[in-house]
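Thanks for passing this one along. Here are my notes on charge pairs, cysteines and surface patches, set out point by point for you to follow on screen.

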Amino acid sequence: MINDSKDMENRLHEVSKEKGAVEETMQQISQQLVTCESKRNALEVDLKIERDWRSGLQEELMRVNENLSQMEGRARDLEELKQKYASLQEAHEELKKSFLEQETALIEMGNTLSSSHLKVVEMKEAHQNMKDMKWADDKDTDHCQLCKQAFSISRRKHHCRNCGGIFCNPCSDNEMPLPSSAKPVRVCDICYNTLLQRYQS
C-alpha cells in the first residue's frame, strides 16, 4: 500500500510537472498568438495603406491621362489655328501685294491723267493763244516791242512764235517748244520766262 501511495504521488508530481510545462507552453503559445495577431493587424494596416496609396495613384493616373488627353486636344486645336493663321497671313500678303500693285497702277494712272490734263490745258491755251494772237505786220512796227529800240539794217525784226509780236534779236534769241510746234522755236524774252515757269511747275 505504501508503495502504491508513493507511486501515485510520483505520478501526481510528474503530472503536475507536465501540467506546469503544458501551461507554460500554452502561455508561450498565447504570447506568440498575441504577437502574431499584432503583426497581422499591423500588416493589415500596411496593406490597407498600400491599397489606399495604389488607389490614389490610380486616380492620379486617371487625372493625368485625362489632362493629357485635354492637352493633346488643345494641341490639335492650336495646330489647326496655326495653319489657319498661316493661310490668313498668306492671303493677307497676297492682298497687300495686290493693293500695292493697284495703288502703283492708280498713281501711274493719276500721273498719266495729270500729264494728259496738263497737255489738254496747254493745247487749249495754245489754241486760245493762236485764236487771240495777232501776227504783227512788219509794216506796222518800226521798233522792238520790248526794248523799244528802232529797227535798222543791223537790228532786224523777228516774230515771237508764241505771242506773234515783233522783237529785235537780243530780245528774242531764246527757243522753246510749243504745243503748236514739234521742235523749239523762237520766242521773246517775256514768253520765254512765262513758258519756263509753266514747264517747271
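**Notes on the predicted model**

1. Let me start with a pair in the helix: Glu60 and Arg63 both sit in helix H1, 3 residues apart, which is about one turn of the helix. Please keep in mind that this is a predicted model. The two side chains meet in a salt bridge, with an N to O distance of 2.4 Å. Glu60 is partly exposed at a relative accessible area of 39%, and Arg63 is partly exposed as well, at 42%.

2. Salt bridges that share partners link Glu37, Arg40 and Glu44 into one network. Within it, Glu37 pairs with Arg40, and their closest N and O atoms are 2.4 Å apart. How far apart are Glu37 and Arg40 in helix H1? They are separated by 3 residues, about one helical turn, in a helix that covers residues 2-132. Glu37 has 34% relative accessibility and counts as partly exposed; Arg40, with a relative accessible area of 40%, is also partly exposed.

3. Another pair in helix H1 is Arg54 with Glu50, 4 residues apart and again separated by about one helical turn. Their salt bridge has its closest N and O atoms 3.3 Å apart, inside the 4 Å cut-off for such a pair. Arg54 is partly exposed at 47% relative accessibility, and Glu50 is partly exposed with a relative accessible area of 36%. As general background, side chains of opposite charge can pair when their charged atoms come close. Over the model, the count comes to 5 salt bridges.

4. Now to the cysteines. How many disulfides does the model contain? The count is 0. Cys147 is in no disulfide, and the nearest cysteine sulfur, belonging to Cys144, lies 3.6 Å away. For a disulfide the two sulfur atoms would have to be within 2.5 Å, so this pair does not qualify. Cys147 is partly exposed, at 28% relative accessibility.

5. Why is Cys160 not bonded to Cys163? The sulfur of Cys163 is the closest cysteine sulfur to that of Cys160, but at 3.6 Å it is too far for a bond. Is Cys160 buried or exposed? Cys160 is buried, with a relative accessible area of 0%. Cys147, by contrast, counts as partly exposed.

6. Please also look at a surface patch of negative charge, where Glu90, Glu93, Glu94 and Glu101 gather. One of these residues, Glu93, lies in helix H1. Glu93 counts as partly exposed, at 41% relative accessibility. Residues in a salt bridge are left out of such patches, so Glu93 has no such partner here.

7. My last point concerns a nonpolar patch on the surface. Which residues form this patch? They are Val22, Met26, Ile29 and Leu33, and together they have about 380 Å² of accessible area. Leu33 is found in helix H1. With a relative accessible area of 55%, Leu33 is exposed, since the cut-off for exposed is over 50%.

Conventions:
Residues numbered from 1 in each chain as written. Predicted model: local features only at pLDDT ≥ 70, side-chain atom pairs only at ≥ 80, totals over all residues. Heavy atoms only, no water. Buried < 20%, exposed > 50% of the residue type's maximum accessible area, 1.4 Å probe, protein only. Helix = DSSP H or I, 4+ residues; strand = E, 2+ residues; numbered from the N terminus. Patch = residues over 30% accessible without salt bridge, like charges linked within 9 Å, V, L, I, M, F, W, Y side chains within 5 Å. Areas by Shrake-Rupley, 256 points an atom, 1.4 Å probe, with all protein chains shown as cover. Lys, Arg positive; Asp, Glu negative; His and termini not counted. Charge placed at Lys NZ, Arg CZ, Asp CG, Glu CD.
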